[in-house]
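Hi,

Here is the structure I promised to send over. Have a look at it first, and my notes follow below.

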Amino acid sequence: MLDSRNNNTLKEHAKSGSACNIVDGEMMCSLKKNGSVCKDDEMFKKIPNLAADSSAPAKHGNVTNPYSLEVLNESAQYILNRINIRPRIAIICGSGLGTLADAVEDKVEFPYNEIPHFPVSTVPGHAGKLVVGHLGQVPVVCMKGRFHFYEGYPLWKCAMPVRVMKLMGIEILIATNAAGGLNPDYNVGDVMILKDHVNFPGFAGHHALTGPNDDRFGTRFPPMNQAYDKNLRALAKQVAEELGMEDFIRDGVYAFLGGPSFETVAELRLLRMVGVDAVGMSTVPEVITARHCGMRCLSFSLITNEAITDYDVEAEASHEEVVETGMRRQEDLNKFVQHLIPCLAREHLPKHERSVSE
Ligand code: HPA
């Protein structure tokens, strides 16, 4: 498994000079073409087809997931070469929670389409970006915008940025999302700290770790019974209480569905029967991938709408409501995360990593 503290695998890889060479402080990628960084589709064309040996270690990726450690390392090095801090905490900003990334101080921004090998957004005008800087004086990296299964990406591609962040040295992932509230005790505007998830697409064979396993990231069969770190959850709850937010902080089980349609009444009733408290279309691929490579995860859902389980209710779920609730709660959520980050750093990062600059 990768050890982000000394990045052994990374160093070994750099020594081997296999796919990347450092030239003038820049990672020159063997996939680079005409001086420009090749983007996703080109990468697929250029990576040798390993169909004949799909069990080959992922030096060049594999037929299922071409993002090998070497390729992802080029994305990570591209970012590291352009920043002089070394964040250990990453935050994925869910729908309506993007203003958190705007609150980052001393920021350096990386539009996804400028990072080598990053997926290209399917949503015009919403390309998304990585924002590196400080929150509460702690170095962080924020993903403003993520990749969803419903956009047509396979799950390993949705989760690709997590491995890039691992290679950057990230140890703690905070993944946020918007979700429909199924638990009848929940109110719109509540914040649910995830204690567990149900990976519904996984039941049908859609999983972020499908394909040959690269042991350098993690084990073939990673456990998920402690997906959401108990200590991080306890700290998040404590911070919420200190801020007087206990009235709207919950903890519960999140179900990941593929979307993009909202759920039918029958689907929601089924989910409730199996103990789901909130339902959404993200987070789980990223958390599974993060756990696979040894990151500790904390996740919370903003309950943006009530999941309707009654045939007589005329109201319908809508993206507008999701966005509107996100805007209404953004100040509270920003305050929560800005208080949480320094506490996390103080209690869960070694002293020398709390404020890491190059
Ligand atoms: N269902 C699925 N995803 C969601 C919902 C919902 O009700 N609200 C926000 N994301």
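Before the ligand, one term: I call a residue near a molecule if its C-beta atom, placed from the backbone, lies within 6 Å of that molecule. Please also keep in mind that this is a predicted model.

**The ligand**

On that cut-off, the ligand is surrounded by 13 residues. Ala178, Gly180, Val279, Gly280 and Val322 are the closest ones. If you sort the shell by class, you get eight nonpolar residues, four polar ones and one charged one.

Where do the residues of the shell come from? Three strands supply at least two residues each: strand 7 (172–181), strand 10 (278–280) and strand 11 (296–306). Strand 7 gives the largest share, with three residues.

**The chain overall**

The protein chain has eleven helices and eleven strands. Of its 358 residues, 45% are buried. I also looked at contacts in the chain with a separation of 6 or more: 80% of them are between residues 24 or more positions apart.

**Two helix pairs**

I picked out two helix pairs for you. Packed helices like these are described by the angle between their axes and the distance between the axes.

Take helix 3 (residues 69–80) and helix 6 (residues 160–168) to begin with. Their axes come within 8 Å and cross at roughly 60°. An angle from 65 to 115 degrees would count as roughly perpendicular and one under 35 as roughly parallel, so helix 3 is oblique to helix 6. The crossing of this pair is right-handed. On the helix 3 side, the contact is made by Leu72, Asn73, Ser75, Ala76, Ile79 and Leu80. Helix 6 brings Arg163, Val164, Leu167 and Met168. By class, that contact has seven nonpolar residues, two polar and one charged.

The other pair is helix 8 (residues 230–242) with helix 11 (residues 319–348). Here the axes come within 10 Å, and the crossing angle is roughly 135°. Only angles over 145 degrees count as roughly antiparallel, so helix 8 and helix 11 are oblique to each other. Their crossing is right-handed. Leu232, Leu235, Ala236, Val239 and Ala240 are the helix 8 residues that meet helix 11. Across from them, helix 11 contributes Phe336, His339, Leu340, Cys343, Leu344, Glu347 and His348. The residues of this contact divide into nine nonpolar, two polar and one charged.

Shout if you'd like to go through any of this together.

Cheers

How values were computed:
Residues numbered from 1 in each chain as written. Predicted model: local features only at pLDDT ≥ 70, side-chain atom pairs only at ≥ 80, totals over all residues. Helix = DSSP H or I, 4+ residues; strand = E, 2+ residues; numbered from the N terminus. Nonpolar A, V, L, I, M, F, W, Y, C, P; charged D, E, K, R; others polar. Axes fitted to C-alpha atoms, helices over the stretch in contact; angles between N-to-C directions. Left-handed = near helix turned anticlockwise from the far one by under 90°. Contact = placed C-beta atoms within 7 Å. Buried ≥ 20, exposed ≤ 12 C-beta atoms within 10 Å, placed from the backbone.
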